[in-house]
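Trainee: I should like to work through this structure by question and answer. May we begin with the terms and then turn to the details?

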Amino acid sequence: MGSLRTGLASPSPSPAPIPLGAQCLGSACFGLFGISTSFAEAGGVCEAGGGHLMTVRSTVAAEAIALLLPRDGPGSAWLGLRLPGHRCVEPAKRLRGFQWVTGDERTDFEAWERNGSGAKVPTCGPTCVVVTSQLRWQERACDASAEAVLCEYNYPNGTCGPLPAAFAVTYLTPFGARESDLVASPPGTTAEVLGLGAVLECRAQGSNGSFEWGSAAPGAWDCQLQNGGCDDQCKLDEQGRPHCACLEGKTLLEDRRSCWSPCAGLGCQQYCEPQGDSGVCMCFEGYKLDSDDKSCLDVDDCQATPGLCEQECINTQGAFECRCWQGYDLVQGKCLPEKWPCFDLTCEHDCNLVGREYKCTCFEGYIPDSKNPHKCLRVCNQTECVAQCDPHNVDECYCPERFILEVKLDGMRVCTDINECESGLCGSLKCINLPGSYKCICPNGLIQDSCEQPSEEPEEFSGETETYPTTSVPPSFAPPKDGSSPRTLVAIIVSVTFTVVMLVVVICYLVKKRFAAQSISDYKSQQSESGVALQHVSPTCASSGQKM
């Protein structure tokens, strides 16, 4: 005989409590429930949402409590910390012998409440702990009541990040919290995006199982929000409704958001070529496919193609490099001798690297010609040097500027320095003759026409900047009066003869000057580096055998 029903309705399950606030940090969330209950009942409140009473192992969790438990809120809330019945308080320990509800005593933080007399008198369990509105830990009998409950929910597999702050979003967590500014959202959280009419869910996506925002309904949501959930492109149809489109070679899957490619999942190291419903792994130039049909191996181009380089070939990853032996330069793929730019210079003596380019250089005792840098001229740093003569015509000889050609008794042709001091170029000043040059020295404290101003030290004036004296016109002589002495006539004849000789010397000097190198100053400014041009001397002046 079956049992008779009494007509009493079965009690409906009480609705799940809603937390007063929630905070999520990393893979953990914390919730505050405004329920006055005992320690044992508080644990049941947390377990109903898949969590346990809160543990405070670091300052991060303590800061979450400070945000959840304002000073004007509940006076105290249960923590997940208790002293088992078989143990007594141990003041020397950080947790004083208490244990977390997870069964361990691990922590880097404690906030025990202290009174004026120091630590509390040791007691034995069972004893539980609440956190006060002053954020201090306080011992309390486990069967007593606290005004609120602090719960902890852990999600080791991951959480979803926040949606863009440009949209107003309301998050609803699995443990009942309704928040608008969660930093992390646990799996199963729904997000209502106000203004777009979109409802998303934090769920595992893709083959790696990472958690992302998605929708159980197929198709795209508003393209402004995370590209409408499309893998590739989010577009609007003619009615303005969003839909997803895939790139060429890909296929849209059943969820109308994901795109599939025949190459997906092949794990090609470099790239894949779709071929019908499958794909083939390929490698870039300079590589070849390995036996696993996925990896790519470097090809030794130097061995595979002999003769790639003129001299030396070095294999690199996916390519090769040509190098030249010592003494050669690589120029546009060719190996040329180090002095290859000298081939077009046609230097008279030698060619060397000067600075960053190759230039003609001269042997010792020679300098480059200022008019033709490919030629070299002899340098005379003495009062007498051997003349440079044409080997086929000994009468064609050349001397440097300010030197004069002379023929020795043995027939040797030499270039002899001109003593400018004998020509009175310094006037009344002291003159010092140098090979190919001269200097005027001003006496200390004296002001002469050739000295611009007096100086404490003797000031030297080089012939480089001196102006040569103009040739003076010989004075005219009146004919002797009747009855003049024969001595007067002789003196006149001697004077005229001397003047003519001086004119010849000056004219020879001027002729030599006309065919000299560009200027005396050019020679002297470059004497140490480039020297001067050699001068062809008129045979008439040379045969005189006199210095000027």
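Mentor: Let us fix one term before the rest: a residue is buried if its relative accessible area is under 20%, and exposed if that area is over 50%. Please keep in mind that the model is predicted.

Trainee: Is W100 buried or exposed, and what is its relative accessible area?

Mentor: Buried residues are those under 20% relative accessible area. W100 falls below that cut-off and is therefore buried, its relative accessible area being 1%.

Trainee: With which residue does W100 form an edge-to-face aromatic pair?

Mentor: A search of the whole structure yields eight aromatic pairs. In one of them the ring centres are 6.1 Å apart and the planes stand at 85°, an edge-to-face arrangement of W100 and W137. This pair links distant parts of the chain, 37 residues apart, with W100 in strand β5 and W137 in strand β7. Buried as well, at a relative accessible area of 2%, is the partner asked for, W137.

Trainee: Why is the pair of Y153 and F175 called stacked?

Mentor: Planes under 30 degrees apart count as stacked. Y153 lies in strand β8 and F175 in the loop between β9 and β10, so the pair ties together parts that are 22 residues apart in sequence. Both Y153 and F175 are buried. The ring centres of Y153 and F175 are 4.2 Å apart, and the pair is stacked because the angle between the planes is 5°.

Trainee: Over the ring of which residue does the charged end of R96 sit?

Mentor: R96 lies in the loop between β4 and β5, and its phi is positive, about 55°, although R96 is not a glycine. At 3% relative accessibility, R96 counts as buried. One aromatic cluster is formed by F98, W100, F109, W112 and W137. The charged end of R96 is 4.9 Å from the centre of a ring and sits over it, and that ring belongs to W112.

Trainee: Which other residue that is not a glycine has a positive phi, of about 65°?

Mentor: The residue is found in the loop between β6 and β7. Its relative accessibility of 30% makes it partly exposed. The residue with this phi of about 65° is L135.

Trainee: Which peptide bond is cis, with omega near 5°?

Mentor: The proline concerned, P126, is placed in the loop between β5 and β6. The cis bond runs from G125 to P126.

Trainee: How many bridges join β12 to β13?

Mentor: Strand β12 also pairs with β11, antiparallel, through four bridges, and there T190 stands opposite E201. The hairpin of β11 and β12 has four residues between the strands, and G195 in it takes a positive phi near 95°. Towards β13, C202 stands opposite W213. β12 and β13 are antiparallel too, and their bridges number five.

Trainee: Which helix supplies the largest share of the largest nonpolar core?

Mentor: The core has 35 residues, and W78, V149, L163, W213 and L225 have the most contacts inside it. Elements that each supply at least two of its residues include β1, β2, β6 and β8. Four residues, the largest share, come from α1.

Trainee: How many residues does the other core have?

Mentor: In the largest core, V149 touches residues including L32, F33, A42, C46 and W78. Apart from that core lies another, with I65, L68, L79 and L81 among its members, and its residues number 27.

Technical notes. Residues numbered from 1 in each chain as written. Predicted model: local features only at pLDDT ≥ 70, side-chain atom pairs only at ≥ 80, totals over all residues. Heavy atoms only, no water. Pairing = 2+ DSSP bridges. Buried < 20%, exposed > 50% of the residue type's maximum accessible area, 1.4 Å probe, protein only. Phe/Tyr/Trp six-rings, centres within 6.5 Å; stacked < 30°, edge-to-face > 60°. Lys NZ or Arg CZ within 6 Å of the ring centre and 35° of its normal. Core = buried A, V, L, I, M, F, W, Y, C linked by side-chain atoms within 4.5 Å. Contact = heavy atoms within 4.5 Å. Lists of a residue's contacts leave out its neighbours within four places in sequence.
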